[in-house]
2 protein chains.
Amino acid sequence: MSPETDPLVAELAHLLSQVAGRQGAQFNATAAELGLTPAQALAMVGLEAPVTMRDLAAGLSCEPSNVTGIIDALERRGLVTRQPDPADRRVKRLVLTEEGVRRREALCSRTHTQAASLFAPLGGDRLVLRDLLRRVLLDSAS
Amino acid sequence: MSPETDPLVAELAHLLSQVAGRQGAQFNATAAELGLTPAQALAMVGLEAPVTMRDLAAGLSCEPSNVTGIIDALERRGLVTRQPDPADRRVKRLVLTEEGVRRREALCSRTHTQAASLFAPLGGDRLVLRDLLRRVLLDSAS
DNA sequence: TATTGTTATACTCTATAACTATA
DNA sequence: TATAGTTATAGAGTATAACAATA
């Protein structure tokens, strides 16, 4: 590496990737168990309340054109319905079916359990980690 | 959410995703500036010393069949060469060219600068973050 | 027989651009 | 004209299975 490499910074970057990678792998595995691809599962998480296609795309940080296919698949599985917006007929409101609500709750519940397990070793220091991550997110140059 | 949801755990999971997502976006942007796709850039990082196709695949947590295409692209760009292993003619050793070494150093240097900026707001507390992330990685159920 | 790397193939995810139907 | 959503298309990333060369 370059002479000015700070070993602490390098380790922090590596640790962050590792921990986030483990969290992501757990999420994807849970999604698969519930019959969902990772993108479909992320969409389900974003469907707690009815949203438009564009709002969901913004939440997923992707183009609306991609959401069409994701929602097509969830609709085929009977988890989501597209409902017309009475005020603007161009807009579609995405609403979970009863089965969709159950599936979403299973997904979120398992994800939460995994996160609790991931951070459990920290005990009360989880509060310290929360504050440090908040500072990174709020204060660092984006 | 479920009644037993711990808001602290939920926030930690969210913060971790956000911070890692920012780090990943910065890495991908740097890769693009250097003419590399994200997967190609990750492969370059793993090529500090000569490795076999299988070793690189293990480092990238993917199948060896995928590495073939990634290395094909890097070889076309003149950044890597496949060299025969004298001891086992099945094996190919991946070696960076001079241009590959320069490109890799640019990639790592910029990535390090970004990481330094990301964690800068913590000041001396970067040591605390390092210890917390180490504990998460080493002690949590994988 | 087992292993290294490759090829062929398929699926997922994503972006861009052109299209429609509304506004 | 502008906007919401869709379609068509292309590229990147990944996995599986079958294969050739070598061990």
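This passage describes how two protein chains surround two DNA strands in a predicted model, and then turns to a sheet and a nonpolar core. Residues are numbered from 1 along each chain as its sequence is written, while chains are lettered from A and ligands numbered from 1 in the order in which they are written. Because the model is predicted, local features need pLDDT of at least 70 and side-chain atom pairs count only at pLDDT 80 or more, whereas totals for chains, interfaces and linings use all residues; side-chain values use heavy atoms, with hydrogens and water left out.

DNA strand C is surrounded by 20 residues, of which A:Ser65, B:Met53, B:Arg54, B:Arg82 and B:Arg90 are the closest; a residue is near a strand if one of its heavy atoms lies within 4 Å of it. Of the atoms of DNA strand C within 4 Å of the protein, 62% belong to sugar or phosphate, and the rest belong to bases. The surface near DNA strand C is made of 6 nonpolar, 6 polar and 8 charged residues, where Ala, Val, Leu, Ile, Met, Phe, Trp, Tyr, Cys and Pro count as nonpolar, Asp, Glu, Lys and Arg as charged, and the others, Gly among them, as polar. At least two residues of this surface come from each of helix H2 (38-45) and helix H4 (64-76) of chain A and helix H3 (53-60) and helix H4 (64-76) of chain B, and H4(B) provides the largest share, 3 residues. Helices (H or I, at least four residues) and strands (E, at least two) are DSSP runs, numbered from the N terminus.

Several polar contacts, defined as pairs of N or O atoms within 3.5 Å, were computed for DNA strand C. A polar side-chain atom of A:Thr37 lies 2.9 Å from a phosphate oxygen of this strand, and a polar backbone atom of B:Lys92 is 3.1 Å from a phosphate oxygen. A base oxygen, by contrast, is the partner of A:Ser65, whose side chain places an N or O atom 2.7 Å away.

Around DNA strand D there are also 20 residues, and A:Met53, A:Arg54, A:Arg82, A:Arg90 and B:Ser65 come nearest. Phosphate oxygens of DNA strand D lie 2.9 Å from a polar backbone atom of B:Ala39, 3.1 Å from a backbone N or O atom of B:Glu63 and 3.0 Å from a backbone N or O atom of B:Arg89. Helix H3 (53-60) and H4 of chain A, together with helix H2 (38-45) and H4 of chain B, give two or more residues to the surface near DNA strand D, to which H4(A) gives the most, with 3 residues.

In chain A, an open sheet of 3 strands has the order E1-E3-E2, with antiparallel pairing. Strand E1 (51-52) and strand E2 (80-84) of chain A stand at the edges with a single partner strand each, so one side of each is left without a neighbour in the sheet. Two strands pair if DSSP finds at least two bridges between them, and 5 bridges join E2(A) to strand E3 (residues 92-96) of chain A.

The largest nonpolar core has 34 residues, and A:Phe119, A:Leu129, B:Phe119 and B:Leu129 have the most contacts inside it. Such a core is a set of buried Ala, Val, Leu, Ile, Met, Phe, Trp, Tyr and Cys residues joined through side-chain atoms within 4.5 Å, buried meaning under 20% relative accessible area (1.4 Å probe, protein chains only).

Definitions and conventions. A polar contact is a pair of N or O atoms within 3.5 Å; within protein, one must be able to donate a hydrogen and the other to accept it, and residues adjacent in sequence count only if both atoms are side-chain atoms. Buried means under 20% relative accessible area, exposed over 50%, partly exposed in between (1.4 Å probe, protein chains only).
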